[in-house]
Amino acid sequence: MSSASGQRPLRMRANRHLGAALVDASLLKLEHLEAANERFLELAATDNPRQTTLLGILAYEHKVLREEDVLQHAVDEHGIGLVDLREYDLAEEIKSVLDLDVCWATWSLPFDREEDFHFVATASYLSPAVRSLWEKRLGGPVIWYGTTLEMIADALEKIAADRERLPPRAT
């Protein structure tokens, strides 16, 4: 069993704030959010972080929102950039210290660092809880990039697979 269930409060807070932001931005109707929240709670009881995402439920299961529209809104209204993580090779010093459970709970991935600036890709930029957590956790200025759920999930699964292939560290 993973410790993903230990991130349940963070996952709940991040998704609650994301849902409210989507409604506030007129990207989603309140009744669609309420229906998706019910499904989200069902999935949150499982230990499958790839499925436990309000945005995924809204876009791919209920089909009441397009992920592209959410990303475009973040670009247009918040001035963030977009990043394609498929060909991005994370530095070992980043991969080795990432808390993958927190990344899954927030659908975010710190992917680079230049001096004091941290570069974070996220599918949940509109959630203030996500931004606040990473800004505090990284302890420096964050430059945000939007990306898709699929790209975040694939990158996190690749990091997890890479970690499994490594020999255990000597203590």
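Student: At what angle do helix α2 and helix α3 pack?

Tutor: This is a predicted model, so read every value as computed from predicted coordinates. Now the general idea. Two packed helices are described by the angle between their axes and the distance between the axes. Here helix α2 covers residues 30-44 and helix α3 covers residues 54-61. Their packing angle is about 115°. Their axes are 9 Å apart.

Student: What is the handedness of the crossing of α2 and α3?

Tutor: The crossing of α2 and α3 is right-handed.

Student: Which residues of α2 and α3 make the contact?

Tutor: Take one side at a time. From α2 come His32, Leu33, Ala36, Asn37, Arg39, Phe40 and Leu43. From α3 come Leu54, Ile57, Leu58 and Glu61. Sort the contact of α2 with α3 by class and you get 7 nonpolar, 2 polar and 2 charged residues.

Student: Next, rings. How many aromatic pairs are there?

Tutor: The idea comes before the count. A pair of aromatic rings is described by the distance of the centres and the angle of the planes. Pairing requires centres within 6.5 Å. By this rule there are 6 aromatic pairs.

Student: Why is the pair of Tyr88 and Phe111 called edge-to-face?

Tutor: Look at the planes. The rings of Tyr88 and Phe111 have planes at 90° and centres 5.0 Å apart, so the pair is edge-to-face. The cut-off for that label is over 60 degrees.

Student: Which parts of the chain does that pair tie together?

Tutor: Tyr88 sits in the loop between β1 (81-82) and α5 (92-95). Phe111 belongs to strand β2, residues 108-114. The pair therefore ties together parts that are 23 residues apart in sequence.

Student: Is Tyr88 buried or exposed?

Tutor: Neither label fits. Tyr88 is partly exposed, at a relative accessible area of 32%. Phe111 is buried, at 5%.

Student: What kind of pair do Phe111 and Phe119 form?

Tutor: Their ring centres are 6.3 Å apart and their planes meet at 55°, so this pair is tilted. Phe111 and Phe119 are both buried. Zoom out and one aromatic cluster appears, formed by Tyr88, Phe111, Phe119 and Tyr145.

Student: Which ring has Arg131 over its face?

Tutor: That ring is Tyr125, and Arg131 lies 4.7 Å from its centre. Another arginine to inspect is Arg137. Its charged end sits over the ring of Trp134, 6.0 Å from the ring centre.

Student: Which residues of α7 are buried?

Tutor: They are Ala129, Val130, Arg131, Leu133 and Trp134. Then ask what they face. The buried residues of α7 pack against two helices, α1 and α6 (100-106), and three strands, β2, β3 and β4 (142-146).

Student: Where is Leu138, and what does it contact?

Tutor: Leu138 is in helix α7, which spans residues 128-138. Set aside neighbours within four places in sequence, and Leu138 is in contact with Pro110, His118 and Val120. Compare chain separation with space as well. Leu138 and Asp116 are 22 residues apart in sequence, with 9.6 Å between their C-alpha atoms.

Student: What is the phi of Gly139, which follows α7?

Tutor: The phi of Gly139 is positive, near 65°.

Student: What about a positive phi outside glycine?

Tutor: Start from the background. Most residues other than glycine have a negative phi. Ser26 has a positive phi of about 60°. Ser26 lies in the loop between α1 (8-24) and α2. Ser26 is exposed, with 65% relative accessible area. Glu115 also has a positive value, near 50°. Glu115 is in the loop between β2 and β3 (117-122). Its relative accessibility is 70%, so Glu115 counts as exposed.

Student: Which residues is Leu71 in contact with, leaving aside its neighbours within four places in sequence?

Tutor: Those contacts are Leu82, Gly146, Thr147 and Thr148. Leu71 is part of helix α4, residues 67-78. At 15% relative accessibility, Leu71 counts as buried. Its C-alpha atom is 15 Å from that of Arg131, and 60 residues of chain separate the two.

Student: How far apart are the C-alpha atoms of Ala21 and Pro128?

Tutor: They are separated by 8.5 Å, while the residues are 107 apart along the chain. Ala21 is in helix α1. Ala21 is buried, with a relative accessible area of 18%.

Technical notes: Residues numbered from 1 in each chain as written. Predicted model: local features only at pLDDT ≥ 70, side-chain atom pairs only at ≥ 80, totals over all residues. Heavy atoms only, no water. Axes fitted to C-alpha atoms, helices over the stretch in contact; angles between N-to-C directions. Helix = DSSP H or I, 4+ residues; strand = E, 2+ residues; numbered from the N terminus. Left-handed = near helix turned anticlockwise from the far one by under 90°. Contact = heavy atoms within 4.5 Å. Nonpolar A, V, L, I, M, F, W, Y, C, P; charged D, E, K, R; others polar. Phe/Tyr/Trp six-rings, centres within 6.5 Å; stacked < 30°, edge-to-face > 60°. Buried < 20%, exposed > 50% of the residue type's maximum accessible area, 1.4 Å probe, protein only. Lys NZ or Arg CZ within 6 Å of the ring centre and 35° of its normal.
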